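Please open the model in a viewer and keep the selection tool at hand. The tour below proceeds stop by stop, with a selection to make at each.

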Amino acid sequence: MNFFDLHCDTITECYSQKKELFDNDMHVSMCKAKCLDRWCQVFAVWMPDEYREQAAIDYFDCVHTYFLNEIDKNPLYINHCKNYSEIEKCLSENKSAAILSVEGASACAGSLDRFDYLSSIGVKLITLTWNGSNEVGHGSLSGCDDGLTHFGKALVREMERKKVIIDVSHLNVKGFFDVAQTTAAPFVASHSNCEHVRSCPRNLSDEQIKVLIERNGLCGINFCDYFLSEGKNNGFEAVYKHIAHILDLGGEKILSLGSDFDGCSMSTELDSLDKMPALYEYLLSKGLLKRTVDDLFFENAYSFFKDLD
């Protein structure tokens, strides 16, 4: 089984807990990936909302260094891939592909020069905000209904120009539609679910999902129990309900997975990379076509990165 995951916080947790990527007691490790045939993982440097300006720069640089060191420890198993060609080469050598992202554009510290640096070191996706407000815009839990700032719109245009993926997960509603108006590029919600299935500020409305469909973007299903269901049924069945709703909206080609591994609380059915084959089989048992499940687990995200280059 192939697995392309648009979002995990594993490298940030490895840094904060001083644990190794190869083997650990977290959701993701190289050892847990042995059950997968091909694995592409977007590793996010999560930017806490209390860090801004130089503090944000310093924090990102520390986690980024940790990321590089962990990848360098395992050259036989995983490589840092900065573009689709490197992803393709990595997979052809039976290695896993590590893709670097930033969760919170505060890592840019309000500077396009800093963004240029992030792009140059291989950051391929930037989640514009986390929960609060930053130099770019306002998160869905910020309490602010304003859209993108002037700098935020300039950053989005530069991301389009440099082919860095624009990620609207966590962004408030006005910011989402500002992104749609500011860029012609496809954009993604790397780890977001459906408001129709589970009503909460972090989930996407049908209108937002339809924009992602129209723009040939991606929506990565998030395994966070709070975003999946308000009850205790927040495992495989809840994931299926969100997938089924996006399919009902015509979103087969935007469906992907954005697990949020090591970034949240999740059901014991979902809380480990090595449980993904069981989820795959469960979705087939619900009557989803194998082609649809393969698209969800790998092909849609893989094609998106290919088209980016």
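**Two helices in contact**

Begin by selecting Tyr-84, Ile-87, Glu-88 and Leu-91 in helix 3, which meet Phe-298, Tyr-302, Phe-305 and Lys-306 in helix 11. Sorted by class, this contact comprises six nonpolar and two charged residues, with no polar residue. The model is a predicted one.

Next, display the whole of helix 3 (residues 84–92) together with helix 11 (residues 290–308). Their axes come within 9 Å and cross at roughly 135°. How are the two helices oriented to each other? An angle over 145 degrees would count as roughly antiparallel, and 65 to 115 as roughly perpendicular; helix 3 and helix 11 are therefore oblique to each other.

**The largest pocket**

Keep helix 11 selected, for the next stop also involves this helix. The largest pocket holds about 340 Å³ of space. Its lining consists of 18 residues, and those closest to the centre are Pro-186, Asn-216, Phe-304, Asp-307 and Leu-308. Now add helix 5 (150–162) and strand 6 (165–167): together with helix 11, these are the elements that give two or more residues to the lining. Which element gives the most to the lining of this pocket? Helix 11 does, with five residues. Colouring the lining of the largest pocket by class will show 10 nonpolar, four polar and four charged residues.

**The cavity**

Turn next to the one cavity of 30 Å³ or more that the structure holds. About 30 Å³ of space lies within this largest cavity. To display its lining, select Met-47, Asp-49, Arg-52, Gly-104, Ser-106, Thr-129, Trp-130, Gly-132, Ser-133 and Asn-134. By class, the lining of the largest cavity has six polar, two nonpolar and two charged residues.

**An aromatic pair**

For the final stop, select Phe-43 and Phe-67, which form an aromatic pair. Phe-43 belongs to strand 2 (residues 38–46) and Phe-67 to helix 2 (residues 53–72). The pair links distant parts of the chain, the two residues being 24 residues apart. The ring centres of Phe-43 and Phe-67 are 6.1 Å apart, and with 50° between the planes the pair is tilted. In total, the count of aromatic pairs comes to 19.

Definitions and conventions: Residues numbered from 1 in each chain as written. Predicted model: local features only at pLDDT ≥ 70, side-chain atom pairs only at ≥ 80, totals over all residues. Heavy atoms only, no water. Axes fitted to C-alpha atoms, helices over the stretch in contact; angles between N-to-C directions. Helix = DSSP H or I, 4+ residues; strand = E, 2+ residues; numbered from the N terminus. Parallel < 35°, antiparallel > 145°, perpendicular 65-115°, else oblique. Contact = heavy atoms within 4.5 Å. Nonpolar A, V, L, I, M, F, W, Y, C, P; charged D, E, K, R; others polar. 1 Å grid on protein atoms, 1.4 Å probe; cavity = no way out; pocket = protein on both sides within 12 Å on 5 of 7 lines; lining within 4 Å. Points joined across faces, edges and corners; volume = space filled by probe spheres on them. Phe/Tyr/Trp six-rings, centres within 6.5 Å; stacked < 30°, edge-to-face > 60°.
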